[in-house]
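Reader: I'd like to go through the side-chain contacts in this one with you. Can we start with the terms and then take the contacts in turn?

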Amino acid sequence: MQSIYALHQKSSDDIEKEEKFLLHSIDSIQDLYLIMMSSLIEIRKKEVVFLEASSKKHLATPEEKNPNRKFVNNAVLQLLEENNSLSIALEKRKINNWSMNDDYILILLNEIKQSPLYQKYMSTKKSSFEEDKEFVVDMFTELIAPNEKLYEYLEDNKLTWIDDIPLVNTQIQKQLKQISETAEFRVIKLYKDQEDQEFVSLLFRKTVLNEVELAKEYIDKTPNWDADRIAEIDTIILKMAICEFLKFPSIPVKVTINEYLELAKEYSTPKSSIFINGILDNLVKEFQSENKIQKTGRGLIQN
């Protein structure tokens with residue numbers, strides 16, 4: 001949707017250039033995911049360095065000489081640091097952001113150590129895997145993911161990540177909750193399969209190359225609206241949804257409607273989702289009566 005909007009704003013017909021940027025921005029989501037995952041590893045490493053330095057001070061206190069190591073011994077943090085899948089992915093994609101920007105890790109570590117969550121966790125020296133996991137999930141959810149300084153850094157690093165950060169953080173939170181002592185942690189794949197990857201380009205190209213025809217499908221369904229009064233984002237959402245109805249037989253109608261209503265709520269005007277829902281509902285009834293919608297496979301599932 002944003003790539004089609006960008007084409008409109010630039011009054012450009014360079015589809016290949018915009019498609020290349022689209023695919024690159026999606027690919028970079030994997031980097032964002034790995035950066036956020038590696039923050040957990042780097043936070044632990046910084047605390048290890050801090051404890052070692054404190055213990056070697058000339059006038060180290062008994063507590064500094066024999067600190068509570070529960071945080072650095074956290075089983076989940078250690079599991080992530082030693083995980084092959086994560087290590088390989090970080091190496092392959094050359095993710096070394098925190099080695100060059102360790103001040104953000106120190107900011108996070110400081111906020112974590114000052115939090116009631118950390119104080120409660122460190123109130124005892126013993127822990128179980130489940131307690132360690134619960135702490136890491138809460139630490140990520142309450143302290144790392146919403147950190148404003150970290151958000152600003154990520155936003156400055158790549159503008160397209162603004163919309164991706166909530167998605168990535170939700171995925172990491174889900175993975176952390178599912179982590180176990182027995183099942184190996186695996187880095188998520190960006191695409192489910194080859195068809196999933198091809199869908200990105202197909203939807204983009206089929207919508208852009210058929211915009212005039214797609215617009216004709218809804219233009220007479222908006223009698224109370226002049227074409228130039230409909231928000232541009234709404235017209236793009238309508239065209240993409242209609243494109244899925246007519247040109248993507250494997251996608252259920254209900255899935256298409258739900259997805260584009262969510263887009264409208266997120267990116268368009270307050271009343272857009274109601275407006276779009278009404279048009280799409282009418283179009284589906286018309287398309288089905290005219291036998292225009294031909295769904296196959298999982299696309300047959302309408303509910």
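Author: Sure. Buried means under 20% relative accessible area, exposed means over 50%, and partly exposed is what falls in between. Keep in mind that this is a predicted model.

Reader: With that cut-off, is Phe245 buried or exposed?
Author: The cut-off for buried is under 20% relative accessible area. Phe245 has a relative accessible area of 0%, so Phe245 is buried.

Reader: Phe245 and Phe287 are a ring pair, so what kind of pair is it?
Author: A pair of aromatic rings is described by the distance of the centres and the angle of the planes. Here the centres sit 6.5 Å apart and the planes are at 75 degrees. Planes over 60 degrees apart count as edge-to-face. That makes the pair of Phe245 and Phe287 edge-to-face.

Reader: How many residues apart are those two in the chain?
Author: Phe245 belongs to helix H14 (residues 232-247) and Phe287 to helix H16 (residues 272-289), so let's call it a link between distant parts of the chain. Phe287, at 0% relative accessibility, counts as buried. The separation of Phe245 and Phe287 along the chain is 42 residues.

Reader: How are the rings of Tyr121 and Phe135 arranged, stacked or edge-to-face?
Author: The structure has seven aromatic pairs. In the pair of Tyr121 and Phe135, the rings are 4.0 Å centre to centre, with 10 degrees between the planes. Planes under 30 degrees apart fall in one class, and for this pair the name is stacked.

Reader: Which helices does that pair tie together?
Author: Both Tyr121 and Phe135 are buried. They are 14 residues apart in sequence, with Tyr121 in residues 116-121 and Phe135 in residues 129-144. The helices are H8 and H9.

Reader: Which residues form one aromatic cluster with Tyr121 and Phe135?
Author: Tyr121 and Phe135 are already a stacked pair. The cluster also takes in one Phe and one Tyr. They are Phe71 and Tyr118.

Reader: On to charges: how far apart are the closest N and O atoms of Lys10 and Glu18?
Author: The structure holds 15 salt bridges, counted with a limit of 4 Å. Lys10 counts as exposed at 53% relative accessibility, while Glu18 is buried at 5%. Their closest N and O atoms are 3.0 Å apart.

Reader: Arg93 bridges to Asp31, so how far apart in sequence are the parts they tie together?
Author: The closest N and O atoms of Arg93 and Asp31 are 2.6 Å apart. Arg93 lies in the loop between helix H5 (84-92) and helix H6 (97-100), and Asp31 in helix H2 (residues 15-55), so the parts tied together are separated by 62 residues.

Reader: Which residue is linked with Asp31 and Arg93 in a network of salt bridges?
Author: Arg93 itself is partly exposed, with a relative accessible area of 27%. Its network holds Asp31 and another Asp. That residue is Asp27.

Reader: Arg44 and Glu81 form a salt bridge, so which helices hold them?
Author: The closest N and O atoms of Arg44 and Glu81 are 2.7 Å apart. Arg44 is buried at 11%, whereas Glu81 counts as partly exposed at 28%. They are 37 residues apart, in helices H2 and H4.

Reader: Last one: which residues gather in a patch of negative charge on the surface?
Author: One of them is Glu198, in helix H12 (residues 194-209). Glu198 is partly exposed, with a relative accessible area of 42%. The patch is Asp193, Glu195, Asp196 and Glu198.

Terms used. Residues numbered from 1 in each chain as written. Predicted model: local features only at pLDDT ≥ 70, side-chain atom pairs only at ≥ 80, totals over all residues. Heavy atoms only, no water. Patch = residues over 30% accessible without salt bridge, like charges linked within 9 Å, V, L, I, M, F, W, Y side chains within 5 Å. Areas by Shrake-Rupley, 256 points an atom, 1.4 Å probe, with all protein chains shown as cover. Salt bridge = Lys/Arg side-chain N within 4 Å of Asp/Glu carboxyl O. Lys, Arg positive; Asp, Glu negative; His and termini not counted. Charge placed at Lys NZ, Arg CZ, Asp CG, Glu CD. Helix = DSSP H or I, 4+ residues; strand = E, 2+ residues; numbered from the N terminus. Buried < 20%, exposed > 50% of the residue type's maximum accessible area, 1.4 Å probe, protein only. Phe/Tyr/Trp six-rings, centres within 6.5 Å; stacked < 30°, edge-to-face > 60°.
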